[in-house]
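Please open the model in your viewer and keep the selection tool at hand. The stops below say what to select next and what is found there.

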Amino acid sequence: MPRLKEELSFKPLLSSFNTVVFHTVVFLHLTQPCAGQSQVVVGPSQPIVVTAGDDIILPCQIEPAVDASVMTVEWTRPDLNPRFVHVWRDGVELENKKHPSYNGRTSVFVNKLRCGDISLNLSKVRLSDSGKYRCFIPTLGRESTVELVVGE
Ligand SMILES: *[C@@H]1O[C@H](CO)[C@@H](O)[C@H](O)[C@H]1NC(C)=O
């Protein structure tokens with residue numbers, strides 16, 4: 001009987017991790033009411049799978065929502081040089097920093113930035129687009145990672 005008890009107490013550990021993270025986030029929101037301090041940047045926890053040639057949206061959201069259209073928004077792939085996939089600054093895309101393989105294939109949703117939605121629209125996906133993408137708001141010092149897996 002003691003042996004069964006031991007096994008049972010170990011199993012829920014992994015699944016309770018997410019709950020702990022969630023509660024921590026909620027706790028931070030409750031204890032830091034000042035805007036600009038309590039925000040987090042949230043993306044999908046699972047990889048996004050897409051077929052080459054399709055368009056895909058890499059989700060990323062500031063929570064609680066703040067107006068991101070007036071902020072700098074950086075989408076990068078840390079494994080590339082230059083690492084910039086899409087940079088939004090001063091209300092326009094900053095194209096000169098961008099990795100050339102993404103030229104003309106990326107955009108953010110200008111109307112949704114105001115609601116904290118900083119998702120990236122990546123079109124005509126290539127096999128070489130597979131990798132880990134980072135969405136980052138320097139003003140908030142917050143980031144999230146989205147993994148993209150491109151299949152044939
Ligand atoms: C993403 O960008 C492509 C190319 O500009 C465009 O055709 C498509 O409509 C955009 N996707 C969404 C959901 O707006």
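## The ligand and its shell

Begin with the ligand of this predicted model, whose surrounding shell comprises, by class, two nonpolar, two polar and one charged residues. Select Asp55, Ile57, Phe109, Asn121 and Ser123 together, and you have the residues that surround the ligand. Taken alone, the ligand exposes 360 Å², and the protein buries 39% of that area. Then keep Asn121 selected and display its side chain, where a polar atom lies 2.4 Å from an oxygen atom of the ligand.

## The whole chain

Now colour the protein chain by secondary structure: it has three helices and 11 strands, and from the N terminus on the elements run α-α-β-β-β-β-β-β-β-β-α-β-β-β. If you switch to a surface view, the accessible surface of the protein chain comes to about 9,400 Å², of which 58% belongs to carbon and sulfur atoms. Of the 152 residues of the chain, 34% count as buried. Among the contacts in the protein chain with a separation of 6 or more, 54% are accounted for by residues 24 or more positions apart.

## Lys124

Select Lys124 next, in the loop between strand E9 (120–122) and strand E10 (131–137). Is Lys124 buried or exposed? Its relative accessible area is 56%, and Lys124 therefore counts as exposed, since the threshold for that class is over 50%. Add Asp54 to the selection: the C-alpha atoms of Lys124 and Asp54 are separated by 5.2 Å, although the two residues are 70 residues apart along the chain. Leaving aside neighbours within four places in sequence, Lys124 is in contact with Gly53, Asp54, Asp55, Arg105 and Asp129. One of these, Asp55, is also among the residues that surround the ligand.

The backbone at this stop deserves a look as well, for Lys124 has a positive phi of about 45° although it is not a glycine. Most residues other than glycine have a negative phi.

## Asp129 and Arg105

From Lys124, move along to Asp129, which lies in the loop between E9 and E10. Asp129 is buried, with a relative accessible area of 0%. Not counting residues up to four places away in sequence, Asp129 touches Arg77, Tyr102, Arg105, Leu122, Lys124, Leu148 and Val150.

Narrow the selection to Asp129 and Arg105, whose side chains meet in a salt bridge (2.9 Å, N to O). Arg105 lies in the loop between strand E7 (92–93) and strand E8 (106–108), whereas Asp129 is in the loop between E9 and E10, so the pair ties together parts that are 24 residues apart in sequence. Both Arg105 and Asp129 are buried.

## Other salt bridges

How many salt bridges does the structure hold? There are four, and the tour visits two more of them here. Side chains of opposite charge can pair when their charged atoms come close.

Select Lys98 and Glu93, whose side chains meet in a salt bridge (2.8 Å, N to O). Lys98 counts as buried, at 8% relative accessibility, whereas Glu93, at 22%, counts as partly exposed. Because the limit for a buried residue is under 20% relative accessible area, Lys98 and Glu93 receive those separate labels.

Continue with Glu143 and Arg134, which form a salt bridge with the closest N and O atoms 2.7 Å apart. Here Glu143 counts as partly exposed, at 40% relative accessibility, while Arg134 is buried, with a relative accessible area of 18%.

## Backbone details in the loops

For the last stops, show the backbone atoms. Select Glu63 and Pro64, which are joined by a cis peptide bond with omega of about -15°; Pro64 is found in the loop between strand E4 (61–63) and strand E5 (73–76). Then select Asn81 and Pro82, where another cis peptide bond has omega of about -5°, and where Pro82 is found in the loop between E5 and strand E6 (84–89). Most peptide bonds are trans.

Finish at Asp90, in the loop between E6 and E7. Phi of Asp90 is near 55°, a positive value in a residue other than glycine, and Asp90 counts as exposed, at 72% relative accessibility.

Methods:
Residues are numbered from 1 along each chain as its sequence is written. This is a predicted model: local features need pLDDT of at least 70, side-chain atom pairs count only at pLDDT 80 or more; totals for chains, interfaces and linings use all residues. Side-chain values use heavy atoms; hydrogens and water are left out. A residue is near a molecule or strand if one of its heavy atoms lies within 4 Å of it. A polar contact is a pair of N or O atoms within 3.5 Å; within protein, one must be able to donate a hydrogen and the other to accept it, and residues adjacent in sequence count only if both atoms are side-chain atoms. Accessible areas come from the Shrake-Rupley method with a 1.4 Å probe; for residues, only the protein chains shown count as cover. Ala, Val, Leu, Ile, Met, Phe, Trp, Tyr, Cys and Pro count as nonpolar, Asp, Glu, Lys and Arg as charged, and the others, Gly among them, as polar. Helices (H or I, at least four residues) and strands (E, at least two) are DSSP runs, numbered from the N terminus. Buried means under 20% relative accessible area, exposed over 50%, partly exposed in between (1.4 Å probe, protein chains only). Contact means heavy atoms within 4.5 Å.
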